[in-house]
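Let's take a walk through this structure together, looking at how its side chains meet. Please have the sequence and the 3D view open as you read.

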Amino acid sequence: MKIQIVLHCLPREIDEVYRIVDQLQRSSYFLEKDQEILLDFTLNVSDYMVDWKKSKLPKEFFIEKFKYIEQISNFENDFKITEKLSGCNSVRRNAIRSDNGATHYLWLDTDLFFSQLNLQSMFQAISAIKDEYYIVSSELLQGWDTSWDVISNPVTRNTERICNEKGQAIPGKCLWGTTNPYDILLENNTEKEISIRKIESIKFGGGWFNLFNDKLLKLIDIPDSFGAYGLDDTFVMYGSMMMKQLGYNLNQYVLENMTVLENRWYRNYPYDKFLVHNSNKDMLRKNAEENWSVELEKLQNRLQNVL
């Protein structure tokens, strides 16, 4: 078994990548010899995202830090530096279409805190699952709204959320936004029984330590028309729903008592003081939104023809 961990990094996130690789190194001591890991990490130093001419730090500073981080990783590494327009869509699409011998893909965001036992638990889940297509999600502390309860920790899922006038949870006034992530790591490393729970629906957020078997992602794919950023995880989620409705042997599982958490407590980007960012994220997402309906219809037709 081989898991390809896919991550996209902006210059401002470089220190988070160091933290993640350090934690993955700790995770490696709990793995068996036949449990392989490939780190597929991409640093984006594109002029499209950062105006380097106006910034106080050069792109070479981040490139050298990225190269150093690669040196501390004892996994199989595929660390890439790109000056082209890039985003989560780009790196995940490229991973799906690559041929690195991976049997599974794991999507990881730079701001995620996860246990050093999480990788081991993923491999254990893989060994237990017999479905042809499947998703394994780490358990959330709490989601933005009740729709996330299906993959949240039972103890915390019903905790009150303070919302704004639009009904959206306010991070600074909700459990998932006010919890020290190191407290969660301590919880994960206490003696709790880790198990997998099958859910009837499909629900996940992109880089929250979600694992997909290769057959699933290679069948759904991420459309080229979505460009570099936006709606990739939603497209895979909707595609998986379609597959279940059409009768594919597909299920999603949750790792119980293996909780992950976005870094809201320590979230800070000190390099922003030295970088001039170009605000292009919304424009990139708009491109994906414009192609959403057409690509979803094409996917449905393709899934029906495969059966």
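Across the whole structure, a search turns up 19 salt bridges. Keep in mind that this is a predicted model. Side chains of opposite charge can pair when their charged atoms come close.

A good place to begin is D78, which forms a salt bridge with K80. The closest N and O atoms of D78 and K80 are 3.0 Å apart. Are these two residues buried, exposed or partly exposed? D78 has a relative accessible area of 26%, so it is partly exposed. K80 is at 32% relative accessibility, and therefore counts as partly exposed too.

Next, look for K215 and E132, whose side chains meet in a salt bridge with an N to O distance of 2.5 Å. Where in the chain do K215 and E132 lie? K215 is in helix α7 (residues 214-220), while E132 is in the loop between α4 (118-128) and β6 (133-140). The pair links distant parts of the chain, as the two residues are 83 residues apart. K215 has a relative accessible area of 38%, which means that it is partly exposed. E132 has a relative accessible area of 35%, so it is partly exposed as well.

Now turn to a salt bridge between strands. The side chains of E256 and R197 meet at 2.8 Å, N to O. E256 belongs to strand β9 (residues 250-262) and R197 to strand β7 (residues 195-199). This pair also links distant parts of the chain, with the two positions 59 residues apart. E256 counts as partly exposed, because its relative accessibility is 21% and the partly exposed range lies between 20% and 50%. Salt bridges can also join up: R93, R97, D221 and D224 are linked in a network of them.

From charges we move on to rings. The structure holds 16 aromatic pairs. A pair of aromatic rings is described by the distance of the centres and the angle of the planes. Take W107 and F212: their ring centres are 4.6 Å apart and their planes are at 50°, so the pair is tilted. W107 sits in strand β4 (residues 104-108) and F212 in strand β8 (residues 208-213), so the rings link distant parts of the chain, 105 residues apart. Are these rings buried or exposed? W107 has a relative accessible area of 0%, so it is buried. F212 is at 0% relative accessibility and therefore counts as buried.

Another aromatic pair, F235 and W292, is edge-to-face. Here the distance is 6.0 Å centre to centre, with 80° between the planes. F235 lies in helix α8 (residues 232-246) and W292 in helix α10 (residues 292-306), so the pair ties together parts that are 57 residues apart in sequence. F235 is buried, with a relative accessible area of 1%. W292 has a relative accessibility of 16%, and it counts as buried because the cut-off is under 20%.

Rings can gather in a group as well: ring pairs link W52, F61, F62 and Y271 into a cluster.

Finally, charges and rings come together. The charged end of R12 sits over the ring of Y269, 3.9 Å from the ring centre. In a similar arrangement, the charged end of R19 sits over the ring of F113, at 4.0 Å from its centre.

Key: Residues numbered from 1 in each chain as written. Predicted model: local features only at pLDDT ≥ 70, side-chain atom pairs only at ≥ 80, totals over all residues. Heavy atoms only, no water. Phe/Tyr/Trp six-rings, centres within 6.5 Å; stacked < 30°, edge-to-face > 60°. Helix = DSSP H or I, 4+ residues; strand = E, 2+ residues; numbered from the N terminus. Buried < 20%, exposed > 50% of the residue type's maximum accessible area, 1.4 Å probe, protein only. Lys NZ or Arg CZ within 6 Å of the ring centre and 35° of its normal. Salt bridge = Lys/Arg side-chain N within 4 Å of Asp/Glu carboxyl O.
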